[in-house]
Structures are given as structure tokens and as C-alpha cells.
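Reader: I'd like a close look at one part of this model, mainly how its charged side chains pair up. Could you walk me through it?

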Amino acid sequence: MRATRFPVQARGPAERMAGFMAHLRMNGVQAGPRETEDCLAALASVDAADRATARMALKALLVPDAEGWRRFDALYDAYWFNAGKQRQAEVKADHIRTQSARPSLWHTHMANDAETGTSNEMRPDADDDAADCAADCAAEGTDGRLIATRTENLTRRDLRELMDEDSLRAAERAAERLARALRDRRSRRHRAARRGQAVDMGRTLRASLARGGEPLDLFRKHRPDRPLKIVALCDVSGSMTVYARVFLAFLKGLVSADARTDAYLFHTRLMRMTDTLRDRDSLRAAGRLSLIAEGFAGGTDIAGAIRQFNDSQASRAVDGRTVVVVLSDGYCTSPPDALADALARLSRRARRIVWLNPLKGWRDYAPIARGMAAALPHLDAHLPANTIEALSALEPEFAKL
Amino acid sequence: MADDWRSVRAELSEAGYVASEELAMAVHLSLVLTRPVLLEGPAGVGKTDLAKALAAAKTATLIRLQCYEGLDASQAIYEWNYQRQLLALRASDAESEDAVFSEKYLLKRPLLEAITQEAPPVLLIDEIDRADEAFEAYLLEILAEGQITVPELGTIRATARPMVVLTSNGTRDLSDALRRRCLYSYIDYPDRETELAILQARLPGIEGRLATQIIHTVQAIRREELEKTPGVAEMLDWAAALSGLGINDLSDDPATLARSLVCLLKTAADRDAIPPEVLARIVGKAA
């Protein structure tokens with residue numbers, strides 16, 4: 001977490017409050033001028049001198065969701081009690097760079113070097129890291145610095161140099177067609193239709209006025225189709241490194257095609273990748289991914305990751321109109337019963353679970369690995385996914401779901 | 001003025017609702033700044049009950065809008081009484097269009113009703129995450145402006161701004177615009193003292209030792225790995241059931257106690273996770 005220096009020379013509470021808002025903005029909380037006004041109004045209506053009261057008042061106003069609720073106390077202490085451990089380098093920029101157009105996700109990890117100096121730094125947990133990227137806003141520097149870091153990234157992780165534009169685009173196109181194949185629209189909200197089940201009273205009445213009060217024209221409405229949405233869990237452990245480039249582009253295609261798609265990566269823990277993948281620039285997305293997913297080439301705990309997904313995210317992300325797609329080879333370090341249990345629990349929530357296995361594309365593959373064998377009864381489809389052609393061939397399979 | 005949030009907390013506890021300090025602060029700010037308050041948290045912790053308690057505390061009417069998928073303006077805001085209009089048109093040829101589209105033929109749904117009250121009501125919008133994004137857009141406009149436009153009648157402005165409480169179960173991500181419009185409070189499972197206070201507020205006749213035992217047991221059950229963790233409402237149900245069964249001490253009758261756990265454990269897997277031996281161990285520690 002980044003902390004600003006508390007302005008002891010400030011000219012009054014308004015300026016200190018503005019400093020606090022800037023501190024929150026640096027840490028990913030949306031706090032604009034309107035929020036500042038509201039905070040001042042709120043503090044005026046309570047006893048602002050009492051620390052606890054002021055904290056609670058600001059917490060109610062500035063927190064957008066449950067995760068922000070947990071982080072707020074730390075951010076508050078860091079500013080008002082100087083408890084933050086990192087200091088931003090004083091960048092005296094007179095003109096505001098138009099970096100606001102780029103979402104803060106994409107400021108590179110400049111601070112990686114600066115962070116290592118402090119000893120009691122609070123380490124944000126995995127979800128914070130992936131979703132909120134609190135720590136990387138020091139890129140208000142010059143262009144020269146940015147380029148240097150990008151080259152540094154290239155040599156650090158070889159995942160990025162495996163990605164070339166053609167295979168990326170091919171995988172993305174396959175994913176987009178797939179997402180479209182699932183778009184089977186059904187909703188409970190009625191829409192106007194020529195031949196529907198219900199009579200649209202509003203339109204009929206309106207038209208009857210033109211007919212002198214006689215409802216001669218009957219208008220109908222029906223319920224249109226409601227789309228299925230996809231939640232993708234992708235394995236990025238050592239055994240899957242070879243397929244990583246294809247799968248990540250595939251995920252990117254899925255995520256870009258539909259705003260409701262959710263994507264997660266896992267090896268030993270689960271990380272939410274949706275916002276990262278949504279970035280337009282493929283190379284930059286890859287850079288960000290390789291930085292986040294440390295331990296890329298380690299072992300896999302598929303059961304643990306799915307269990308973590310069930311506990312934390314599934315109630316939000318998965319419902320009766322969701323297809324869960326797991327991309328993995330099935331080699332799991334935890335016992336097969338655990339995997340079967342986790343999948344059983346997930347299958348009660350989701351409409352379908354589809355397992356895309358790169359090994360299945362090999363001739364004479366049989367799921368001898370006990371993990372895969374234990375998982376099979378809970379899957380609705382077990383499909384090969386080792387080449388772009390195999391991914392394209394998934395479309396008719398998904399349409400059948 | 002400075003102590004108002006404490007008086008809100010006191011008023012709520014008089015109405016039988018034990019609110020945490022942060023929640024009382026959020027409610028107080030929502031009244032002062034006339035902004036809606038969004039409550040999130042696990043199921044059964046008392047989000048809906050807050051609105052009921054607030055209505056009782058401020059002696060205001062409670063208007064409830066239960067959201068569901070497919071909820072649209074005609075169910076939430078207003079609808080014309082088409083059948084009556086048709087009858088009026090048929091009954092007399094002299095009925096003009098203006099007469100048919102008048103207040104007499106307007107069916108007021110919860111949101112319009114909330115705006116046209118004499119005294120400020122409490123408007124509870126329950127489970128907003130079940131409604132879809134299009135409905136959130138309608139809602140945002142009404143919450144922000146406090147007025148509703150009926151094309152045939154014109155704009156209807158709020159006579160008294162309602163106190164708005166939104167609850168969400170977290171099944172869907174709410175839109176940013178709605179979140180920023182509202183104050184936020186996360187209600188978590190209460191700690192021991194708070195839960196004891198809640199139990200004693202709701203069941204005043206309960207004996208102190210039994211109450212403590214119940215609270216300890218429920219808190220211990222919550223720490224187990226269950227699919228559906230029991231909330232405060234379930235705890236109150238169980239306490240009422242125990243008093244109905246005539247159990248004065250949890251270690252009295254283990255068999256009946258195990259059977260009474262239907263109030264707390266709501267899935268088959270959870271019932272298997274707390275077999276009688278585990279329950280006996282938990283009760284032993286609580287006694």
C-alpha cells in the first residue's frame with residue numbers, strides 16, 4: 001500500500017481531507033471531489049474530534065463493497081496515524097500527465113524495487129493483489145522509465161516471448177465464437193413480439209385509442225431467451241506451461257466477447273484475472289499476468305483451488321445460468337476424493353461443468369491419473385483442447401449444452 | 001447534534017434491534033445527508049430487520065419492494081389500470097383521453113407510493129442484487145432526483161424524501177453508480193456479547209444461563225465448516241424452539257437437542273457434519 005506524507009503544514013481540515021482522498025485514490029478507492037464534499041458534510045454532522053466517530057463516518061461514505069470494508073481501516077491508519085511504511089518518491093509534476101486514460105491496473109510494477117526496502121510491510125493477499133493492484137502507481141514518471149521496465153519484463157518471464165500475434169488472434173477468435181454459441185437468450189422480462197404468449201395490455205390500449213376505444217389490434221409480448229455466462233478456471237502450473245499461451249489468449253477472447261464472463265487462474269492458489277484480461281493490448285495483458293502469477297511453474301492443487309473458489313467466489317459468480325469451464329490436465333497434488341468433493345459442490349451451483357484437457361487431444365489418452373478419473377462423474381463434458389483447431393471444434397459441443 | 005448517531009442506536013435498541021456502532025453511524029449519516037444506505041452481509045444477520053426497526057423507531061410507514069429477476073417499472077413504479085380504463089372507454093363514449101389517463105386510473109406501486117406520502121416513510125428495497133442492471137438504472141434516477149416522470153401526468157416530485165434502505169445478498173456485482181450513490185455498511189455475524197444482547201432483546205423471558213449456553217453453542221457451530229452457516233435469525237428460531245420444547249439446560253436431553261438442530265442446520269451435508277457426538281462435545285464446552 002502506498003502512503004502519502006501527512007501534510008502537517010496544511011492550511012486546514014479541508015486540505016488534509018483532500019490529502020486523504022488522494023491517498024485513497026492512489027490505493028484504488030474511487031474518491032472524487034463529490035466524495036470529498038460529502039465527507040466534509042458528514043464530519044460536520046458528527047463529533048469529528050473523536051477518532052472512532054470520524055473513522056466510522058468516513059467508512060460508511062467511502063467504502064464501495066465488502067472488500068473495501070476490510071481494507072479501509074488499514075488505509076485510514078496509514079494516512080491519519082502515519083502508519084504506512086512506504087513513502088512515495090516526491091514527484092513534482094507541474095502538469096498532469098494524461099495517464100488517467102489508462103486504468104491504474106496498467107502502471108507497471110515500478111515499485112517492486114522500492115517495496116523490498118521496508119521490513120514490516122503488510123503483504124496484501126492474493127485477491128487484493130490481482131483485483132486491486134494497489135501497489136503500482138508510481139509510474140507517474142517519464143516515458144523513458146516505462147520503456148526500460150517493459151524490456152525488463154520481457155527477459156524476466158519467458159511466457160511473454162512465447163506469445164506471437166497470430167496464434168493469439170486465432171485463439172481469441174475461437175473463444176469469441178464459443179461465447180457467441182452460448183448466447184441463448186432467455187429472460188423473465190417481457191419483450192414485445194409478434195407471436196407471444198401474453199397480451200401486451202399497454203400497447204393494445206394505446207392503439208385502441210386510435211380505433212375509437214375498440215381494442216381491434218392485439219399486441220403480444222413474450223419472454224426472450226436469457227444468455228448463459230461462462231466462468232473459466234485455468235491451470236497455470238508447470239505441466240501446463242506449454243499450453244499457457246493458447247489458453248490465455250482463449251481466456252482473453254472469452255472475456256472480451258461477453259461482459260459477464262469471469263476468468264480465474266490457479267496453480268497453488270486462485271487469482272481473479274477478469275479485469276487484467278480485459279485490457280485491449282495483448283502484450284501488456286501478458287506482462288501483467290506474468291507478474292501476478294508468481295509460481296507459474298510449480299505444482300497444482302486443483303482441489304484446493306476449486307474449494308477456494310466455492311468458498312469465496314462461487315456464490316457471487318456462479319448461478320443456474322453459468323457454465324464453468326476448467327482448463328487443466330488433471331494432475332493434482334491433493335487426493336482425488338478432495339477433487340471429487342469440490343466438483344460435486346460446484347456442480348450443485350453451476351448449470352454445467354466442462355473440463356478442457358490438453359492431454360485428451362493425444363491419441364490413446366485414457367484418464368488413468370486418479371485425479372481425472374475421480375473428477376469424471378461430476379463433469380458434463382470432457383473435451384480436448386491442445387491446439388487451435390481443437391478449440392474451434394468446441395463450438396458445436398458448447399451449443400449442445 | 002454531535003451525539004445523534006448514539007441516539008439513533010438507542011432508538012433502534014428500543015425497537016428491539018441491536019445495531020453495531022458502525023451501522024448506527026451509517027444510518028445516522030443516511031438521515032443527515034439523505035442518501036440511501038446499502039447493507040450487505042451473509043444471510044440471516046438482520047439486514048431486512050434494520051429497516052423494520054428503523055420504521056418502528058421513527059414511527060414511519062414501512063414500504064417494501066422485493067426485487068426479483070425481471071422486475072420492471074410497471075411492477076415497481078406505477079402501472080395504468082388498463083381494465084378500468086377499457087371499461088370507462090366502453091361505458092361512455094364521451095370519455096376523453098385526458099379523463100382516462102388521470103390519477104384515478106393510476107396504480108401506485110411501492111416506489112411511487114414511497115414518494116407521495118405525507119410523512120417520510122422508510123423504503124426498503126430488498127435483495128436488489130436479484131434485479132437486473134436495467135432496473136438499477138431506473139432506481140438510480142429515482143433515488144438521485146426524488147421524482148418520477150409519468151408521461152401522461154407529468155413529473156411527480158417527492159412530498160417527503162423517504163429513508164431508503166437497500167439490502168443485497170452478494171449474488172451479483174452491483175453497478176458502480178449505485179454503490180457510489182449509497183452509503184455502505186457490512187453486517188457480519190455478531191460477536192458473543194452482541195448476540196447475547198440480541199437474544200435477550202428478542203426473548204426477554206429467557207434465563208441467563210441458558211442464553212449463554214445457546215450463544216456459545218451457536219458460535220461454535222459457526223466455526224465448523226458448513227455449507228450454510230446459521231445466522232442470527234436461525235439462532236433466534238432455535239432459542240424459541242428450545243423454550244417451546246421445555247429444555248432449560250442444553251446438557252439435559254441430548255437426543256431432543258440433536259433433533260432440534262433442524263433450526264440451525266439446513267442441508268443434509270451440514271446435518272451429517274454435526275453428528276450427536278460433535279454436538280455433545282460442543283455443548284460440553286459451552287456449559
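Which side chain does Arg211(A) meet in a salt bridge, and what is the N to O distance?

Author: Bear in mind that this is a predicted model. The partner is Asp217(A), and the N to O distance is 3.2 Å. Neither end is hidden away: Arg211(A) is partly exposed because its relative accessible area is 44%, and Asp217(A) also counts as partly exposed, at 27%. Next comes a network in which salt bridges with shared partners join Arg55(A), Lys59(A), Asp73(A), Asp77(A) and Glu22(B).

Let's take that network apart. Arg55(A) forms a salt bridge with Asp77(A), where the closest N and O atoms are 2.8 Å apart. This pair ties together distant parts of the chain, with Arg55(A) sitting in helix H3 of chain A and Asp77(A) in helix H4 of chain A, 22 residues apart. Asp77(A) has a relative accessible area of 25%, so it is partly exposed. Then there's Lys59(A), whose side chain meets that of Glu22(B) in a salt bridge at 3.3 Å, N to O. Here the pair crosses between chains, running from helix H3 of chain A to helix H2 of chain B. The two ends are set up in their own ways: Lys59(A) is buried, with just 4% relative accessible area, whereas Glu22(B) is partly exposed at 27%. As for the general idea, side chains of opposite charge can pair when their charged atoms come close.

That crossing pair takes us to the interface. There, 36 residues of chain A are in contact with 42 residues of chain B. Together the two chains bury about 3600 Å², with 56% of it on carbon and sulfur atoms. Five salt bridges turn up across this interface, along with six residue pairs in polar contact. On the chain A side, at least two touching residues each come from helices H2, H3, H4, H10, H14 and H15. Another salt bridge joins Asp38(A) to Arg35(B), with 2.5 Å between the closest N and O atoms. Over all chains, the salt bridge count comes to 19.

Now for the helix that carries Glu22(B). H2(B) covers residues 21-33 and spans 18 Å from its first C-alpha to its last, close to the 18 Å expected. Many of its residues are buried, among them Leu23(B), Met25(B), Val27(B), His28(B) and Leu33(B). The cover over them includes H2 and H3 of chain A, and from chain B helices H1 and H3 plus strands S1 and S9. His28(B) makes a handy example: it is buried because its relative accessible area is 2%. Leaving aside neighbours within four places in sequence, His28(B) is in contact with Ser45(A) and Val46(A) from one chain and Asp4(B), Trp5(B) and Val8(B) from the other. Just past the end of H2(B), Thr34(B) takes a positive phi of about 45°.

One of the chain A helices at the interface, H14, has another kind of geometry worth a glance. H14(A) has 16 residues (302-317), yet its end C-alpha atoms are only 18 Å apart, short of the 22 Å a straight helix would reach. There is a bend of about 55° at Asp311(A). Buried residues of H14(A) include Ile302(A), Ile306(A), Phe309(A), Asn310(A) and Gln313(A).

Zooming out, chain A comes to 18 helices and nine strands, and 48% of its 401 residues count as buried.

Key: Residues are numbered from 1 along each chain as its sequence is written. Chains are lettered from A and ligands numbered from 1 in the order in which they are written. This is a predicted model: local features need pLDDT of at least 70, side-chain atom pairs count only at pLDDT 80 or more; totals for chains, interfaces and linings use all residues. Side-chain values use heavy atoms; hydrogens and water are left out. Helices (H or I, at least four residues) and strands (E, at least two) are DSSP runs, numbered from the N terminus. The expected span of a helix is 1.5 Å times one less than its number of residues. The bend at a residue is the angle between axes fitted to the seven residues ending there and the seven starting there. Buried means under 20% relative accessible area, exposed over 50%, partly exposed in between (1.4 Å probe, protein chains only). Contact means heavy atoms within 4.5 Å. Buried area is the accessible area (1.4 Å probe) that two parts lose on being put together, summed over both. A salt bridge is a side-chain nitrogen of Lys or Arg within 4 Å of a carboxyl oxygen of Asp or Glu. A polar contact is a pair of N or O atoms within 3.5 Å; within protein, one must be able to donate a hydrogen and the other to accept it, and residues adjacent in sequence count only if both atoms are side-chain atoms.
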